[in-house]
Amino acid sequence: MASTHDHPGEQAAQDPVRLISIRDTPLSVDEVLRAVGDDAAGGTALFVGTVRNHDGGADVDELGYTCHPSAEDEMRRIAEKVAAEYPVRALAAVHRVGDLRVGDLAVVVGVSCPHRGEAFEACRKLIDDLKHEVPIWKHQRFSDGTEEWVGA
């Protein structure tokens with residue numbers, strides 16, 4: 001009997017990057033979940049980043065995201081790197097730009113792999129690298145009238 005790792009479903013897919021996008025319209029968790037669906041995946045991990053009502057001890061009223069024109073290409077580069085490091089069956093990442101309110105979705109990423117541990121690890125690597133490397137900047141506006149720029 002062949003090792004379970006010899007089965008094609010245990011390997012990374014040929015082209016696992018299914019959806020990469022930066023948008024000025026509301027994001028959909030369902031769209032990302034559909035994009036990473038794969039019959040060979042036993043584990044799917046999603047990360048949903050939302051606008052919270054505070055940061056650094058200050059109340060946040062709203063924020064805006066802007067990005068460099070190369071941001072989507074950088075997202076794809078990072079996605080391909082993560083897919084090369086893990087047995088990714090499917091991967092998706094979408095990020096919002098423009099003005100957002102508390103509770104709005106700012107980023108949604110998803111990864112499916114043959115097993116849950118790989119899916120969790122790949123999803124965490126994907127969101128961490130996107131936050132650190134993609135040229136997207138956040139402009140926070142606080143309740144006390146101050147503001148702050150945060151970004152990669």
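**Figure 1. A nonpolar surface patch formed by Leu-33, Leu-46 and Val-48 in the predicted model.** The patch made by these three residues covers about 210 Å². Leu-46, one of its members, is placed in strand S2, which runs over residues 43–50. Leu-46 has a relative accessibility of 34% and therefore counts as partly exposed, since that category lies between the limits of 20% and 50%.

**Figure 2. The whole chain, with 3 helices and 9 strands.** In sequence order, the elements follow the pattern β-α-β-β-β-α-β-β-β-α-β-β. The C-alpha trace spans about 65 × 25 × 25 Å along its principal axes. The chain has 152 residues, of which 45% count as buried. The accessible surface comes to about 8,300 Å², and carbon and sulfur atoms account for 48% of that area. Of the contacts between residues at least 6 apart in sequence, 73% are between residues at least 24 apart.

**Figure 3. Charged side chains of the chain, 16 positive and 27 negative.** The centres of the two sets are 1 Å apart. Side chains of opposite charge can pair when their charged atoms come close. In the whole structure, a search finds 11 salt bridges. Some of these are shown in the views that follow.

**Figure 4. The salt bridge between Glu-31 and Arg-23.** The closest N and O atoms of the pair are 2.6 Å apart. Glu-31 has a relative accessible area of 23%, so this residue is classed as partly exposed.

**Figure 5. The salt bridge between Arg-89 and Asp-38.** The N to O distance is 3.3 Å. This pair links distant parts of the chain, with the two positions 51 residues apart in sequence numbering. Arg-89 sits in the loop between helix H2 (71–85) and strand S5 (90–96). Asp-38 sits in the loop between helix H1 (29–35) and S2. Both Arg-89 and Asp-38 are buried.

**Figure 6. A salt bridge within helix H2, between Arg-77 and Glu-74.** The side chains meet at an N to O distance of 2.9 Å. The two residues are 3 apart, which is about one turn of the helix. Arg-77 counts as partly exposed because its relative accessibility is 35%. Glu-74 is also in the partly exposed class, because its relative accessibility is 24%.

**Figure 7. A salt-bridge network of Glu-62, Asp-99, Arg-101 and Arg-141.** The view shows these four side chains, which are linked by salt bridges. Glu-62 also appears among the contacts of Leu-100, a residue shown in the last view.

**Figure 8. The surroundings of Gly-151 in strand S9.** Strand S9 comprises residues 147–151. Gly-151 has a relative accessible area of 49% and so is partly exposed, the upper limit of that class being 50%. With neighbours within four places in sequence left aside, Gly-151 is in contact with Ile-136 and Trp-137. The C-alpha atoms of Gly-151 and Cys-67 are 9.4 Å apart in space, while the residues are 84 apart in sequence.

**Figure 9. The surroundings of Ile-22 in strand S1.** Strand S1 takes in residues 17–23. Ile-22 counts as buried because its relative accessibility is 17%, which falls under the 20% limit. Residues up to four places away in sequence are not counted among its contacts; those that Ile-22 touches are Cys-67, Ala-71, Glu-72, Met-75, His-95, Val-97 and Ile-136. One of them, Met-75, is 53 residues from Ile-22 in sequence, with a C-alpha to C-alpha distance of 9.0 Å. Ile-136 is also a contact of Gly-151.

**Figure 10. The surroundings of Leu-100 in strand S6.** Strand S6 extends over residues 98–101. Leu-100 has a relative accessibility of 1% and therefore counts as buried. Apart from residues up to four places away in sequence, Leu-100 touches Val-51, Glu-62, Leu-63, Tyr-65, Leu-105 and Ala-106. The C-alpha atoms of Leu-100 and Gln-140 are separated by 9.8 Å, and the two residues are 40 apart along the chain.

Terms used. Residues numbered from 1 in each chain as written. Predicted model: local features only at pLDDT ≥ 70, side-chain atom pairs only at ≥ 80, totals over all residues. Heavy atoms only, no water. Patch = residues over 30% accessible without salt bridge, like charges linked within 9 Å, V, L, I, M, F, W, Y side chains within 5 Å. Areas by Shrake-Rupley, 256 points an atom, 1.4 Å probe, with all protein chains shown as cover. Helix = DSSP H or I, 4+ residues; strand = E, 2+ residues; numbered from the N terminus. Buried < 20%, exposed > 50% of the residue type's maximum accessible area, 1.4 Å probe, protein only. Contact = heavy atoms within 4.5 Å. Lys, Arg positive; Asp, Glu negative; His and termini not counted. Charge placed at Lys NZ, Arg CZ, Asp CG, Glu CD.
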